[in-house]
Amino acid sequence: MVPAMMVPRTALLLCCCLLAFPPPGPLAVEAFVGGYGINYGRIANNIPSPDKVVELLRRAKIRNVKIYDADHSVLDAFKGSGINLVIAIPNGLVKDMAANTSRSMDWLNQNVQPYLPETRIVGITVGNEVLGGQDQSLYQPLVDAVKNVYDGLKRLHLESKIELFTPHSEAVFATSYPPSACVFKEELMAYMKPLLDFFAMIGSPFYVNAYPFLAYISDPEHIDINYALFKPNKGIVDPNTSLHYDNMFDAQIDAAYAALHAAGYDDMEVRVAETGWASSGDQNEAGASSENARTYNFNLRKRLFLRTGTPLKPKRPVKAYIFALFNENQKPGAGSERHYGLFLPDGRISYDIGVSGLLPSSASSSVLSIKMTVDLD
């Protein structure tokens with residue numbers, strides 16, 4: 001071994017430079033700051049204009065936002081805001097994006113390239129809850145669309161700046177209880193495997209829509225609502241791992257990790273693309289109330305702020321987008337679909353979870369008197 005004092009100064013300088021500035025490699029895009037984000041849905045005729053929404057997000061100190069399209073009025077409003085924005089290619093365009101790379105390039109040239117860098121577009125979702133959904137004609141096009149969009153990003157030299165992913169529902173899993181037993185449905189693996197192979201190659205996380213609310217209303221007689229709401233409860237112990245879960249949210253995330261492990265993707269991070277609790281709903285939607293919505297979202301916000309992991313992955317902080325910014329009064333489906341909003345149409349808070357609205361709120365805070373005084377960023 002050559003003594004350090006005999007190594008030429010130029011070699012030492014080169015070594016120091018390499019340590020300070022590692023050689024480029026396939027690094028994952030960081031599209032999420034901190035642990036807390038929100039979904040900004042707009043299927044409504046009574047919500048604030050996008051510029052007012054940006055003001056609201058700033059007051060609430062929310063730095064990660066996901067939308068469900070690439071509406072230019074929204075992209076314009078977010079210019080100069082400094083807020084991380086994830087835009088979407090809706091399910092209706094998936095087949096178009098899968099047709100060939102030129103269609104993907106056209107979409108990127110219209111909806112992404114002209115807005116950078118003033119609008120901080122940090123992610124693109126391709127479809128939403130496609131695999132496991134009713135329209136099986138979208139399954140193979142989803143895989144092709146993801147690859148074509150990524151090829152387009154590479155042509156624009158944006159592949160290291162914009163994260164690409166597709167959110168999945170719980171319908172992709174054959175079982176999720178106990179968490180360690182979770183696996184993907186066998187009939188979906190023909191599409192899931194090439195998708196996961198590709199995301200593993202480009203460093204994208206696995207995004208899942210995790211709703212303890214939906215699990216609870218499907219079986220309110222056997223699921224402890226306190227377990228679903230992060231309230232004190234005895235929890236569950238996974239018999240295969242002996243891990244204890246005191247809330248369903250963590251259990252749903254670890255179920256996704258178990259499915260990825262069983263499929264051979266141990267290194268892939270799980271993030272939550274949607275989670276929330278309805279403040280109202282139909283008669284048969286047990287637990288849909290303003291009180292429960294406030295409790296869930298308040299406790300969830302505290303949990304994400306701690307930036308801790310799950311029982312299975314304690315060193316990997318959980319990141320989640322809350323659903324949703326506003327109630328969407330024109331959204332179809334069950335009554336609960338129109339009652340997930342944290343804010344009222346005029347920008348006041350729906351219920352107190354420790355964030356600020358555009359106007360002073362009349363929402364009662366008697367039950368949740370604890371105030372979050374530290375920023376989420």
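## Surroundings of Asn 111

In this predicted model, and leaving aside its neighbours within four places in sequence, Asn 111 makes contacts with Ala 70, His 72, Leu 75, Ile 87 and Ile 121. Of these partners, Leu 75 lies 36 residues away along the sequence, while the C-alpha atoms of Asn 111 and Leu 75 are 8.4 Å apart in space.

Asn 111 belongs to helix H5. Its relative accessible area is 8%, and because residues under 20% are classed as buried, Asn 111 counts as buried.

## Packing of helix H5 on helix H6

Helix H5, which spans residues 101-111, and helix H6, which spans residues 139-155, have axes that come within 8 Å of each other and cross at roughly 60°. At that angle H5 is therefore oblique to H6, and the crossing in which H5 passes H6 is right-handed.

On the H5 side the contact is made by Thr 101, Ser 104, Met 105 and Leu 108, and on the H6 side by Asn 148, Val 149, Asp 151, Gly 152, Leu 153 and Arg 155. Sorted by type, the residues of this contact comprise 4 nonpolar, 4 polar and 2 charged.

## Nonpolar cores

The largest nonpolar core holds 110 residues, and those that touch the most other members are Val 65, Ile 87, Ile 124, Phe 184, Phe 206 and Phe 249. Helix H10, covering residues 248-263, supplies the largest share of this core, with 10 residues. Ile 87, one of the core residues just named, is also among the contacts of Asn 111 described above.

For Val 65, when residues up to four places away in sequence are not counted, the residues touched are Ile 38, Tyr 40, Leu 57, Phe 78, Ile 83, Asn 84, Leu 85, Val 86 and Tyr 321. Apart from the largest core lies another core, of 8 residues, which includes Ala 31, Phe 32, Val 122 and Phe 165.

## Ala 210 in a loop

Ala 210 is located in the loop that runs between strand E9, residues 206-209, and helix H8, residues 212-218. Although placed in a loop, Ala 210 counts as buried, because its relative accessibility is 1%.

With neighbours within four places in sequence set aside, the contacts of Ala 210 are Glu 170, Gln 252, Val 272, Glu 274 and Thr 275. The C-alpha atom of Ala 210 is also separated by 9.3 Å from that of Met 248, a residue that is 38 residues apart from Ala 210 along the chain.

Note on methods. Residues are numbered from 1 along each chain as its sequence is written. This is a predicted model: local features need pLDDT of at least 70, side-chain atom pairs count only at pLDDT 80 or more; totals for chains, interfaces and linings use all residues. Side-chain values use heavy atoms; hydrogens and water are left out. A nonpolar core is a set of buried Ala, Val, Leu, Ile, Met, Phe, Trp, Tyr and Cys residues joined through side-chain atoms within 4.5 Å. Buried means under 20% relative accessible area, exposed over 50%, partly exposed in between (1.4 Å probe, protein chains only). Helices (H or I, at least four residues) and strands (E, at least two) are DSSP runs, numbered from the N terminus. Contact means heavy atoms within 4.5 Å. Axes are lines fitted to C-alpha atoms, for helices over the stretch in contact, and angles run from 0 to 180 degrees between N-to-C directions. Angles under 35 degrees count as roughly parallel, over 145 as roughly antiparallel, 65 to 115 as roughly perpendicular and the rest as oblique. A crossing is left-handed if the near helix is turned anticlockwise from the far one by less than a right angle, and right-handed if clockwise. Ala, Val, Leu, Ile, Met, Phe, Trp, Tyr, Cys and Pro count as nonpolar, Asp, Glu, Lys and Arg as charged, and the others, Gly among them, as polar.
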